Structures are given as structure tokens and as C-alpha cells.
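Here is a short report on packing, charge pairs and surface in one protein model. The structure comes first, then the details.

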Amino acid sequence: MNVGSLGKVKIERGCYVYVGSAFNSLEARIMRHLSENKRIHWHVDYLLAHENTMIEDVIFTTDERRLECLISKRLENRKSIEGFGCSDCRCKSHLHYYENFEAAKNEILNVMEELGTKIMSLEDLKF
């Protein structure tokens, strides 16, 4: 798959956790990512625009701490996609591979719980 400035990236079939941030417009950013009609700008936009991509869940926090990189580093594994979503930081990746949805969801929930963040999902937003 072509991913903008990253070029060709091999993304194997499986489940991925993308870690991002949006401090001033969280609801708008989530809605943008869920929208099919958007300008392709960020690395994650290329992934979300791919015909085989499905969003299974959106898990987030409104914590005021800047936790994006800390969460991402804790999720990092040997199949994380190097350079994805982290052009503005020093992380290896912000896109992390898991064999299945349950493993991915359990891992992100565990990390967020360890950090003491309020865990939220789409039902918590006022669309």
C-alpha cells in the first residue's frame, strides 16, 4: 500500500491499533477518521481509505496528559509498522499489529488502565 511520504508499506492482514492525539478537537478528529469523504493527509488516512480496512472500535481518553507516545511505545511489537503515524516524534511506530481484535483490544485497554486514564468509546461521544 502507498502511504504518502512513507512510500510503499507492506501491511499484512490482521488487526491494528493506531495511536493518535487531538487535544482541541477530539470529537471532530474522530468523526473525520470515520468519514469516507475526506482529503488524504495523514498516514492513517491512507490506511482508512483502503477498501479492505474496517474500523472495529474507537477507544480513547480525554486525559489532558500527552500520552500518545507513551501508549504507542507500550503497544510496540515486532510487527509494528515502522515510521507509521510518527513523523513528528521519535517513536518507532503509531500503528501496531495484533493477530486478532480481542488481543488488540485487551492490550490497549490494559495499557490505558495502567496509566490511570478514563477509557471511553464511541458511545461516549455526542454525535
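Both Asp45 and Arg32 are buried, where buried means under 20% relative accessible area, exposed over 50% and partly exposed in between, with a 1.4 Å probe and protein chains only. The model is predicted: local features need pLDDT of at least 70, side-chain atom pairs count only at pLDDT 80 or more, and totals for chains, interfaces and linings use all residues. Residues are numbered from 1 along each chain as its sequence is written, and side-chain values use heavy atoms, with hydrogens and water left out.

**Charge pairs**

Side chains of opposite charge can pair when their charged atoms come close. The whole structure holds 5 salt bridges, each a side-chain nitrogen of Lys or Arg within 4 Å of a carboxyl oxygen of Asp or Glu. The table lists some of them, including the Asp45 pair.

| Acid | Base | N to O distance |
|---|---|---|
| Asp45 | Arg32 | 2.8 Å |
| Asp57 | Lys105 | 3.2 Å |
| Asp63 | Arg65 | 2.7 Å |

Asp57 and Lys105 form a salt bridge. Asp57 sits in the loop between α2 and β2 and Lys105 in helix α4, so this pair ties together parts 48 residues apart in sequence. Helices (H or I, at least four residues) and strands (E, at least two) are DSSP runs, numbered from the N terminus. Asp57 is partly exposed, at 29% relative accessibility. Lys105 is also partly exposed, at 25%. For Arg65 the value is 39%, again partly exposed.

**Cores**

The largest nonpolar core has 12 residues, among them Cys15, Leu67, Tyr98 and Met112. Such a core is a set of buried Ala, Val, Leu, Ile, Met, Phe, Trp, Tyr and Cys residues joined through side-chain atoms within 4.5 Å. β1 (15-18), α3 and α4 (101-114) each supply at least two of its residues. Helix α4 gives the most, with 4 residues. Another core, of 9 residues, lies apart from it and includes Val3 and Phe84.

**Ser72**

Ser72 belongs to helix α3 (residues 68-75). Its relative accessible area is 0%, so Ser72 is buried. A polar atom of the Ser72 side chain lies 2.6 Å from the backbone oxygen of Ser93. Leaving out residues up to four places away in sequence, Ser72 touches Val19, Ser93, His94 and His96; contact means heavy atoms within 4.5 Å.

**Ile55**

Ile55 lies in the loop between α2 (43-49) and β2 (59-60). With 43% relative accessibility, Ile55 counts as partly exposed.

Terms used. Polar contact = N/O pair within 3.5 Å; in protein donor to acceptor, adjacent residues only side chain to side chain.
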